[in-house]
Amino acid sequence: MGQNVQNREVVLHIGMHKTGTSAIQSFLSTNAERHLQKEDTLYVETGRDVSAKGMHAGHHWLAWSCVERYSSRVEGPDAQRLRKKVRGEIERTRAKRTVISSEFFWPARREDVKGIQKTFGGLDITVVIFVRNHLDMARSYYAQAVKQEGYEKGFKRIVEQKKWCFDYKRVLDTWVDVLGGENVVMELYDKHDDVVGRFAEVVGLSKQGRKREENVSPSDSILHFVRGLNVVQKRAPAPWGRMLKRVRHNVVAGRQPGRTLSRLASPFLPDAILRPGEREWFRQETKDLHHRFLESYVSPDDHSLFEF
């Protein structure tokens with residue numbers, strides 16, 4: 001399959017969502033030319049916007065081309081061409097280590113992982129995955145949907161929609177079964193204050209060029225206010241809807257007039273994102289998934305990180 005790639009490695013960072021993936025991708029993208037090349041490391045350009053950070057700094061187009069769940073985003077011949085182009089870039093650069101990162105690899109099926117293995121045939125594949133407390137991830141999903149996507153439904157609805165995301169054991173089993181447990185590195189997000197630094201350590205990169213990035217989320221009361229705005233926005237006539245959308249962005253960003261509005265509303269809003277009983281409901285809803293994952297993949301010493 002092209003040039004000799006013996007003794008060369010592909011590190012595939014597959015997420016999961018809400019575990020610092022954007023910060024890791026920003027670090028890799030920002031330092032792809034300045035520092036990583038000096039360490040004989042390639043952060044592939046194909047399949048990402050090389051000028052971007054955050055969402056576009058990851059190899060999401062490549063992940064979508066490999067994972068059946070997203071097949072409508074990159075179809076048939078386009079998917080094949082993209083995978084071939086990635087392979088060609090790896091062979092041309094001759095870097096000893098290649099890093100590819102996208103949280104959209106997370107839901108890959110067994111057949112998808114076999115296809116990924118074929119794409120990188122001849123290269124040593126190491127998968128790195130960060131996992132986090134189930135309830136914290138659910139809260140983070142919900143907060144993002146409210147802030148960025150105009151979500152107006154309740155916490156339970158988004159958990160029901162994304163319940164497949166909480167089956168960590170199924171995801172890990174899929175990758176381990178195809179690639180072998182020795183080639184899948186699981187890291188506990190809640191165990192590390194500096195996820196980017198920990199990723200660099202695991203992969204074998206220096207931390208040169210790294211900047212600590214803070215992703216500060218609005219308080220729970222502000223999220224309640226934003227969700228209220230989303231509800232009104234969805235029902236308002238178009239001109240009012242557009243205005244409310246701008247107000248929502250200002251509230252989330254802490255800009256005026258959103259900052260004043262949220263301060264005035266704050267005393268009348270709940271101070272917890274979960275309603276009474278929703279924590280216990282979530283515990284029962286994910287109990288089996290939670291237990292199977294802990295028993296299979298987490299040391300008893302670390303079980304406390306997944307309590308809620």
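Trainee: Which residues of α6 are buried?

Mentor: They are His-134, Leu-135, Met-137, Ala-138, Ser-140, Tyr-141, Tyr-142, Ala-143, Ala-145, Val-146 and Lys-147. Buried means under 20% relative accessible area, exposed over 50%, and partly exposed in between, with a 1.4 Å probe and protein chains only. Before we go on: this is a predicted model, where local features need pLDDT of at least 70, side-chain atom pairs count only at pLDDT 80 or more, and totals for chains, interfaces and linings use all residues. Residues are numbered from 1 along each chain as its sequence is written, and side-chain values use heavy atoms, with hydrogens and water left out.

Trainee: What covers the buried residues of α6?

Mentor: The cover includes α7 (155-161), α8 (168-179), α10 (220-235), α11 (238-253) and α13 (278-297). Contact here means heavy atoms within 4.5 Å. The helices (H or I, at least four residues) and strands (E, at least two) are DSSP runs, numbered from the N terminus.

Trainee: How do you know what span is expected for α6?

Mentor: The expected span is 1.5 Å times one less than the number of residues. Helix α6 (residues 134-149) has 16 residues, which gives 22 Å, and its first and last C-alpha are 21 Å apart, close to that value.

Trainee: What caps the N-terminal end of α6?

Mentor: Asn-133 does, with a side-chain oxygen 3.0 Å from the backbone nitrogen of Leu-135. After the helix comes Gly-150, with a positive phi near 70 degrees.

Trainee: Why does Ser-221 count as buried?

Mentor: Because its relative accessibility is 11%, and the cut-off is under 20%. Ser-221 sits in helix α10. Leaving aside residues up to four places away in sequence, Ser-221 touches Ser-266, Leu-269 and Pro-270.

Trainee: Why is strand β4 called largely enclosed by the rest of the structure?

Mentor: Seven of the eight residues of β4 (residues 124-131) are buried, so the label follows.

Trainee: What makes β1 and β4 a pair?

Mentor: Two strands pair if DSSP finds at least two bridges between them. Strand β1 (residues 9-13) and β4 are joined by five and run parallel, with Leu-12 opposite Val-127 in β4. Strand β5 (residues 184-188) also pairs with β4 in the parallel sense, over five bridges, and Val-185 in β5 is the bridge partner of Val-128.

Trainee: How does the radius of gyration of the protein fit a compact globule?

Mentor: The radius is taken over C-alpha atoms, and the globule rule is 2.2 Å times the number of residues to the power 0.38. For 308 residues that comes near 19 Å, and the protein has 21 Å, so the two agree.

Key: Polar contact = N/O pair within 3.5 Å; in protein donor to acceptor, adjacent residues only side chain to side chain.
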